[in-house]
Amino acid sequence: MTTLLTLHPGQVDLASLRRIHQGGLTLALDEGVRSGMQAAQDAVQRIVDHDDVVYGINTGFGKLASTRIDHDHLAELQRNLVLSHSVGTGEPLAAEVVRLVIATKAVSLARGHSGVRPALVDALLALFNAGVTPLIPAKGSVGASGDLAPLAHLACVLIGEGQARLLDGRVVGGAQAMRSIGLEPFVLGPKEGLALLNGTQVSTALALAGLFGAERVFASALMSGALSLEAIQGSIKPFDARIHAARGQPGQIAVAAAVRTLLEGSDIIPSHADCGRVQDPYSIRCIPQVMGACLDNLTHAARVLVTEANAASDNPLVFCDTGEVISGGNFHAEPVAFAADIIALAVAEIGAIAERRIALLLDSGLSGLPPFLVRDGGLNSGFMIAQVTAAALASENKSLAHPASVDSLPTSANQEDHVSMATFAARRLGEMVNNTAVVIGIEAMAAAQGIELKRTETTPRSSAVIEAEIARIRCQVAFVERDRYLAPDIEAMRQWALAAELPAPLLTLLPSHIA
């Protein structure tokens, strides 16, 4: 059984996009938008019938826009466009990303500015609902003139070319994939191939997937940071609401409130009120400032991506109120590139500050814990090299975080002379999220170890929330009594970081995109 989600083009919210990414849905289109789609398609047909010359309908493309195409070759023109642009390379995009691509392409076309038949949108949704996933190579788009190559591989399936994976896992040709949903391959009409290829749906889908991953590592990093604070018996004073209200940054205020909630009821905090430590290192003391800034960036990126997921981003666009078909540049994915770069900065910083807390936990001079968090040090190395792994991944993320949006290479004989590189900007987020998840998982495992190294029958306990999280961590990995093969533990904790959920009371403290 699956849940039905009705798409209202122009109004699809982030929660719906997240559900599409997760799967288990059947999609339907708001019936009220069909008349607008049909009106736009009728406008295109009138241009063809009147033999008016309009870019993308009866002309060549890009640098060949001045070449007029005879009426008898218009179907061939659209088919050739799809085939010639199917030049992607690399591994296929993940199924959850392709789900977002299909859904957002359907939403974009259904806005009524693309001039395509409603049947094309129906076919996209039929593929989605049948669990048929077109094989879309990950590489080959510069994020301008649309995600041309990857979207061409999607369009190929609609015309009976290319490949797709069926729900049972079999990879079949495009024609068989279409017949598996009860449809014959399409013969594309005027502008339909161009409308399918233009648009930012692949870069947007990849960026949304990166955002959803960033949300998860953000949430797990709040938990691992609170665990580390308790392990070193740090001070709660830097999380005082008055400090953050005095600055006024919304993310900072929310993060400080979240950490206070996580630690509410802890007996560890008052037990070391007079420990003599004046200030904790920045990686503990400045959690609200750093993580709050990350949260603000994720919130901004979410707004941009929701807008883009609802956008009519192909070219030219049909405006039925005047009958005009106007060429522009909505296919340029600069907003997506910037949003992806912002997410990358946040993901890198979440991992960077977590790695510094791991180093703090292992340094007995700062943490007050046994060196490298293990008894009988020397014979045992404990978490020494786990921190090296965290450092390697945090450093790798620094390189990956370099803004992709500042790069550009001209294409199409300099007709397309400035491009966004949004698709790579978004695609690298998946790797960065995984890197950061490993770092956070190591931190949580190390912090739980630190808390338990000090634990006796009379030792004060942490908050109910933190104690419950330690118990969940122990369901994943055992206490490190002596050196053992740690790679499986690190993988288990990576999965913990990607699946971590904040306790329900915290969700009300955070922007709706996290909830």
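**Figure 1. The loop between helix 16 and helix 17 of the predicted model, with Asp376**. Asp376 is located in the loop that joins helix 16 (364-367) to helix 17 (384-400). Although Asp376 is not a glycine, its phi is positive, at about 60°. Most residues other than glycine have a negative phi. The relative accessibility of Asp376 is 52%, and exposed residues are those over 50%, so Asp376 counts as exposed.

**Figure 2. The loop between strand 5 and helix 6, with Ser145**. Ser145 is placed in the loop between strand 5 (137-139) and helix 6 (148-158). Ser145 is a residue other than glycine with a positive phi, near 60°. Is this residue buried or exposed? Ser145 counts as buried because its relative accessibility is 7%, and the cut-off for a buried residue is under 20%.

**Figure 3. The cis peptide bond between Asn315 and Pro316**. The bond from Asn315 to Pro316 is cis, and its omega is near -5°. Most peptide bonds are trans. Pro316 belongs to the loop between helix 14 (287-309) and strand 8 (317-319).

**Figure 4. The β-α-β unit of strand 1, helix 1 and strand 2**. Strand 1 (residues 3-7) pairs with strand 2 (residues 25-29) in the parallel sense, and the pairing comprises 5 bridges. Within this pairing, Leu5 has Leu27 of strand 2 as its bridge partner. Together with helix 1 (residues 14-22), the two strands make a right-handed unit. In a regular strand the side chains alternate between the two faces of the sheet. Strand 2 shows such an alternation: Leu25, Leu27 and Leu29 point to one face and are buried, whereas Thr26 and Ala28 point to the other face and are not buried. Leu27 is thus both the bridge partner of Leu5 and one of the buried residues of strand 2.

**Figure 5. The open sheet of strands 4, 6 and 7**. The sheet contains 3 strands in the order 4-6-7, with antiparallel pairing. Strand 4 (133-134) and strand 7 (171-173) are the edge strands, and each of them pairs on one side only. Strand 6 (residues 163-165) is joined to strand 7 by 3 bridges in the antiparallel sense. The bridge partner of Arg165 in strand 7 is Val171.

**Figure 6. Helix 4 and its buried residues**. Helix 4 (residues 95-109) has 15 residues, and at 1.5 Å a residue it should span 21 Å. Its end C-alpha atoms are 21 Å apart, in agreement with that expectation. The helix is mostly covered, with 12 of its 15 residues buried. Among the buried residues are Val97, Val98, Leu100, Val101 and Ile102. The buried residues also include Thr104, Lys105 and Ser108.

**Figure 7. The crossing of helix 15 and helix 18, with Ala425**. The axes of helix 15 (residues 334-362) and helix 18 (residues 422-453) come within 9 Å of each other and cross at roughly 20°. Angles under 35 degrees count as roughly parallel, and helix 15 and helix 18 are therefore roughly parallel to each other. Their crossing is left-handed. Ala425 lies in helix 18, and because its relative accessibility is 0%, Ala425 counts as buried. The C-alpha atoms of Ala425 and Ala207 are separated by 7.9 Å, and the two residues are 218 residues apart along the chain.

Notes. Residues numbered from 1 in each chain as written. Predicted model: local features only at pLDDT ≥ 70, side-chain atom pairs only at ≥ 80, totals over all residues. Heavy atoms only, no water. Buried < 20%, exposed > 50% of the residue type's maximum accessible area, 1.4 Å probe, protein only. Helix = DSSP H or I, 4+ residues; strand = E, 2+ residues; numbered from the N terminus. Pairing = 2+ DSSP bridges. Right-handed = clockwise from strand over helix to strand, strands pointing away. Expected span 1.5 Å × (residues − 1). Axes fitted to C-alpha atoms, helices over the stretch in contact; angles between N-to-C directions. Parallel < 35°, antiparallel > 145°, perpendicular 65-115°, else oblique. Left-handed = near helix turned anticlockwise from the far one by under 90°.
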